[in-house]
Amino acid sequence: MEYLNMKLLSIISKPFARNEDIELLMNCSKASAQKVRKEIEEEILNDGMKLTPVLRAVPMSRVIGYLQIDVSRIARLAKIEAEIQCTLAKEKATVGAVTECKSSTDLPSNYNIVTDGKSNSH
């Protein structure tokens with residue numbers, strides 16, 4: 001079973017977005033992702049800022065804003081997916097086996113997303 005929101009959460013938790021990340025967030029082609037990255041780069045330059053030294057990557061906070069991603073919704077759904085994943089793992093465990101699941105509050109350790117200068121720690 002694929003856990004889409006957990007995957008999205010791990011992507012938007014990164015400090016920078018490469019073409020591959022934008023591709024996954026938008027569910028689009030490489031060409032479309034590259035076009036979006038270039039548009040974000042233009043916005044950064046037009047704001048009088050310099051591009052990051054990271055090759056072909058833009059700040060994730062800019063991608064989140066550009067794509068109008070609802071971070072809270074993704075985080076909420078990722079928490080539900082983590083709970084489902086844990087429940088399924090417990091059901092599949094053999095009798096007598098110890099199955100430990102991370103609590104839903106133990107989502108990715110790097111889950112501290114900054115958008116527009118405000119931290120959304122969860």
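**Figure 1. The order of helices and strands along the chain.** Read from start to end, the sequence of elements is α-β-α-α-β-α-α-β-β. That gives five helices and four strands in what is, please keep in mind, a predicted model. Of the 122 residues in the chain, 31% are buried. Among contacts with a separation of 6 or more, 58% link residues 24 or more positions apart. The surface exposed by the chain comes to about 8,200 Å², with 51% of that area supplied by carbon and sulfur atoms.

**Figure 2. Helix α3 crossing helix α4.** This view brings together α3, residues 30–46, and α4, residues 60–67. Their axes come within 11 Å and cross at roughly 110°. An angle from 65 to 115 degrees counts as roughly perpendicular, and the two helices are therefore described in that way. Which residues make the contact? On the α3 side they are V36, E39, I40, E43 and I44, and α4 contributes R62, V63 and Y66. Sorted by character, the residues of this contact comprise five nonpolar and three charged, with no polar ones.

**Figure 3. A salt bridge within helix α3.** Here we stay with α3, turning to the pair E41 and R37. These residues sit four positions apart in the helix, about one turn, and they form a salt bridge whose closest N and O atoms are 3.0 Å apart. Are the partners buried or exposed? E41 has a relative accessibility of 16% and counts as buried, because the cut-off for buried is under 20%. R37 is buried as well, at a relative accessible area of 4%.

**Figure 4. D21 paired with K14.** The side chains of D21 and K14 meet in a salt bridge, with an N to O distance of 2.8 Å. The two ends of this pair have their own surroundings to look at. D21 is buried, its relative accessible area being 6%, whereas K14 is partly exposed at 35%.

**Figure 5. R18 paired with E20.** Another salt bridge joins the side chains of R18 and E20, N to O at 3.7 Å. How accessible is each partner? R18 is partly exposed, with 39% relative accessibility, and E20 is also partly exposed, with 46%. For the wider picture, a search of the whole structure finds four salt bridges, among them the R18 and E20 pair shown here.

How values were computed:
Residues are numbered from 1 along each chain as its sequence is written. This is a predicted model: local features need pLDDT of at least 70, side-chain atom pairs count only at pLDDT 80 or more; totals for chains, interfaces and linings use all residues. Side-chain values use heavy atoms; hydrogens and water are left out. Axes are lines fitted to C-alpha atoms, for helices over the stretch in contact, and angles run from 0 to 180 degrees between N-to-C directions. Angles under 35 degrees count as roughly parallel, over 145 as roughly antiparallel, 65 to 115 as roughly perpendicular and the rest as oblique. Contact means heavy atoms within 4.5 Å. Ala, Val, Leu, Ile, Met, Phe, Trp, Tyr, Cys and Pro count as nonpolar, Asp, Glu, Lys and Arg as charged, and the others, Gly among them, as polar. Buried means under 20% relative accessible area, exposed over 50%, partly exposed in between (1.4 Å probe, protein chains only). Accessible areas come from the Shrake-Rupley method with a 1.4 Å probe; for residues, only the protein chains shown count as cover.
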